[in-house]
Each structure stands twice: as structure tokens, then as C-alpha cells.
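Visitor: I am new to this structure and would like a close look at a single part of it. Could you pick one strand and walk me through its surroundings?

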Amino acid sequence: MGLLQSWGGVGTSLASFIFIWDMIRRYCPPELVRALDKWTRRIRSFFYPYIQISISEFMSNNFKRHDAYAAVEAYLSEHLAKEATRLRAEAVGGGSKLVLSMDEHERVTDEFRGTKIQWIKHVQPESRHSSESEKKSYKLMFHKKYRDMVTDIYLEQVIKRGKEIQKRNRKRKLYTNGHSKTTWSHITFEHPATFGSLAMEAERKQEIMDDLLLFRESKDFYARIGKAWKRGYLLYGPPGTGKSTMIAAMANLLNYDIYDLELTSVRDNTELRRLLAETSSKSIVVIEDIDCSLDLTGQRNQKQDKSPEEKTEVTKKEVPCKDTEESGSRVTLSGLLNFIDGLWSACSGERIIVFTTNYLDKLDPALTRRGRMDKHIELSYCNFEGFKVLAKNYLCLDAHPLFESIEMLMKEIKIIPADVAENLMPSSPKEGAEKCLLKLVEALKHAKELMIKKDKEESVVNKRSQVADQDDTGTAICHVRVLEK
């Protein structure tokens, strides 16, 4: 009974202390509260001799990911995950291997030179009342008498081993900003495309590969000439010519991650800069169909071609309503240009920026000039050499009697690689290589017939137009002669 009364007294005293402390924080001057906090921490440190170090997922400015966080996560997943009671499993190596890591708010203990060091994974949930997203961090706790050993030796070894584990377990990732408008989300990148499988001339493929490999090894060169270590590629050509496949082949050649930027999901230029800052080095930032992403391209040319009256009228029509402004993207052409080669483009380094378009003439020249898009690569219709690559890929054929007919037809007909591949794709296990080639021959012949028919129709229309022009000219001459008389 006496024990219960004692605990009751402790509880009453604690409640009274909390009440008094709350009153002090509410009604005392801020300077006095800060002084009390300072002395409270000093008194607490005297009785609680442990030091805590936090390693957050993002740097303090919340713009760039913390490399140490990923290294610590890799170290703990390999060395201490077995001690944890709550784990998170993630597949690597194409799903053939599972890597275990600590789950939220889990604690594990590491031992270094006879010293016990505790790791805690902390997760702060996303705030409902602000735009702040979920914040993750690892907290390291140890006795203060081991401060020098932990900060100078232990942490350095953890980061070093963690990076080695990262390199061994590394899997390339495909990022997108479509799932969350303010951060990147990712999946494992497993596209099998290589330059060997591209339907393109061997010389052109080798030229592009040499350019990419030279860029990867040119860190010192870019530093010497005073330029950011980045390079821009513009891929253009009709739909179905392999622009996306080319990007996958580039990533596989260089072993880079891909950031697929959806411009319509970006609110404004500030958010665009934030997304750029969050990208890692050894990456390819892709904006596909740049001519369709936003109403950015060719704006200046359109404005210059209009008279002042037309400009005023267009400006009135183009003023968006408030709801449109709030829901739509406000990324400007200037913001996109700064994204490509402004000051912010220099962060991280070793980055490739790729634009794709089906219509090169629609792009503003400011987007495509050298220095922004350094190399322009046209991916056009399939030629015979490209067909041979596809025949090797799809049918395992290096030669066939039908190749000669296909070569002759391809000199006369424009056909995209996607259509060639569709005809070479067997529709059933029983369909052999010859039948697939015959399908392609029929498709080419059909395309040729349509082209001839179209040319005849255009010829008839042109002749009628010429006759009409001659009749109009003759009528005008007769009128002139009558007037002269």
C-alpha cells in the first residue's frame, strides 16, 4: 500500500512539473526560455552521458540526397540486419537475391573495438498541415568518452564499407516524377536494349558509342576547360524509329540511371530546379516528346511573326484562368533553358540530358543550339542494313534468298523500324523465318502500291490546278484587252 502511495506521489509531482514547465514556456520571455533550455540540456548531459548523431536522407538544405545515408543503409543491411526483429526485404539482381534492411523505428547494436554502438532508424511521417514529405534518418548513439574513436575511425569505416556493398549490389534505376510531384520515385531498370540490337548502320552506332564513352572518361577535360561535366543529346525522327530504345542502350552502355522527367507534373521553375538537384551523378535525364510536353517551343518565333494588334489579341486570349494556373504547370522556356545549361545544371556532374522529338522544326532554336544539345542524332526510316540487324535479332538470320527483294523494295519505300519488327515477329511457334520475311515483302509491296496511288492522285490534282491557273490567266488577259479597247 505504501509503495502505491509513493508511486502516486511521484506521478503527482511529475504532472505538476510538466504543468509548471508549460506555463514557463508560454508566458516567460523567449530569452529566459532559451536560457532555461540551455541549462536543462547541460544538467541532462551530466546525468545522461550519451551522444547522438543523425544522418538524414537529404542534406540540410533538403535539395540533395545524402550519400552517407545510402552507405549507412547498405552497411547495416549486411552487417546488422540479422539482429533486427522487423526487416524490410528488397530484390536485387533481377529478383534472384533478397537484401534485408531495417524497418522503421528498429534498433540494432554494433560493436567496434569493444565499444557498443546503437543504430536507430527514424521516420518522420508526412505532415498533413504542410507540404513537407516523409523524412528518414539513421540515429547513432554511443558513450561520450568514445567520441573521437566513433567520429574519426568508426564512421569512416562504416561509410567506406557501405559504399563497397553499394557497388557490389548496385542495380540501375528508372526514376519518374509522375507518382509524386515533388520527389522522384523509382523502379529497377531492366531494359535489355544494346547498341548491337539497334536497327542502324554500324558506323553510326560506333560513332555514338565512342562519343558516349569519351564523355564518361572526360572529367579532367571538362574541369580544365571550365565547363560543367554534362552533355546534351537531341534524338529526332518519325514515331517508331527507336528513340526510346536508343536511350535504354545508352544507359546500358554507360551503366547510368535514367530520370524520366514528366514536365507536365512539374508545378514551376523552382520545383524543376529541385528535381534536378535531387538527381545523382552517372545518370541520364530524359524529356521525351519535348515538342508535346508543354507549350514552350517556338514561342518567341510565334510572337515575332505577329503584328502588334495580333499580339494584343493573342495575349488576351492566352491569359489563363485562376483554376488553370493552380492546376497546370507554370514551367517557362527560360526555366527549362536554365535547367539544361544554367548554374543549376552543374550540380552532381557526369550527367547526360536527352530530348526526343518527332518534329524538329517545332522546337525553339534556343533549345537545340550547340552547348545545350551538343549532339543531334537523326533516327529515320529503316534501311537495308538496319533490316539485317532486325532479321538477326528476330529470326537469327544472316542471309536468305528473300533479302535481295527486300533490299530493292526498301530503296523505294519508307518504312519505320517498328513496322519492320512487327512483320518479323512470329505470330505463332509454328511460323518460320521464311513466312515472316514473306509478310514483310507483302507489307512493302502494299506500301509501294499506296505510294504509287497517292502520287497519281497528287499528279491529277496538280494538273487540274495548273489548268485552272491557265484559265484564270487567259480570262484576265481578255479583260485587259477589252479595257484597252
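Guide: Here is a walk around one strand, beginning with how to read the model.

This is a predicted model, in which local features need pLDDT of at least 70 and side-chain atom pairs count only at pLDDT 80 or more, while totals for chains, interfaces and linings use all residues. Residues are numbered from 1 along each chain as its sequence is written, and side-chain values use heavy atoms, with hydrogens and water left out.

Our part is strand β11, made of residues 283-287. Strands (E, at least two residues) and helices (H or I, at least four) are DSSP runs, numbered from the N terminus. Let us start with how covered β11 is: 5 of its 5 residues are buried, where buried means under 20% relative accessible area, exposed means over 50%, and partly exposed lies in between, using a 1.4 Å probe and protein chains only. Look along the strand and you will find S283, V285 and I287 pointing one way, with I284 and V286 pointing the other way.

Now pause at S283. S283 counts as buried because its relative accessibility is 0%. Its side chain reaches the backbone oxygen of S280 at 2.6 Å, which can be compared with the 3.5 Å limit for a polar contact, a pair of N or O atoms; within protein, one must be able to donate a hydrogen and the other to accept it, and residues adjacent in sequence count only if both atoms are side-chain atoms. Leaving aside residues up to four places away in sequence, S283 touches Y256, D257, Y259, E350, R351 and I352; contact here means heavy atoms within 4.5 Å.

Some of those names lead us to the partner strands. Two strands pair if DSSP finds at least two bridges between them. β11 pairs with strand β10 (residues 257-260) in the parallel sense, over 4 bridges, and D260 stands opposite V286. Strand β12 (residues 351-357) also pairs with β11 in the parallel sense, over 5 bridges. There, V285 has I353 as its bridge partner.

One more element completes the view: helix α8, residues 269-278. Together, β10, α8 and β11 make a right-handed β-α-β unit. Right-handed means that, with the strands pointing away from the viewer, the path from the first strand over the helix to the second runs clockwise.
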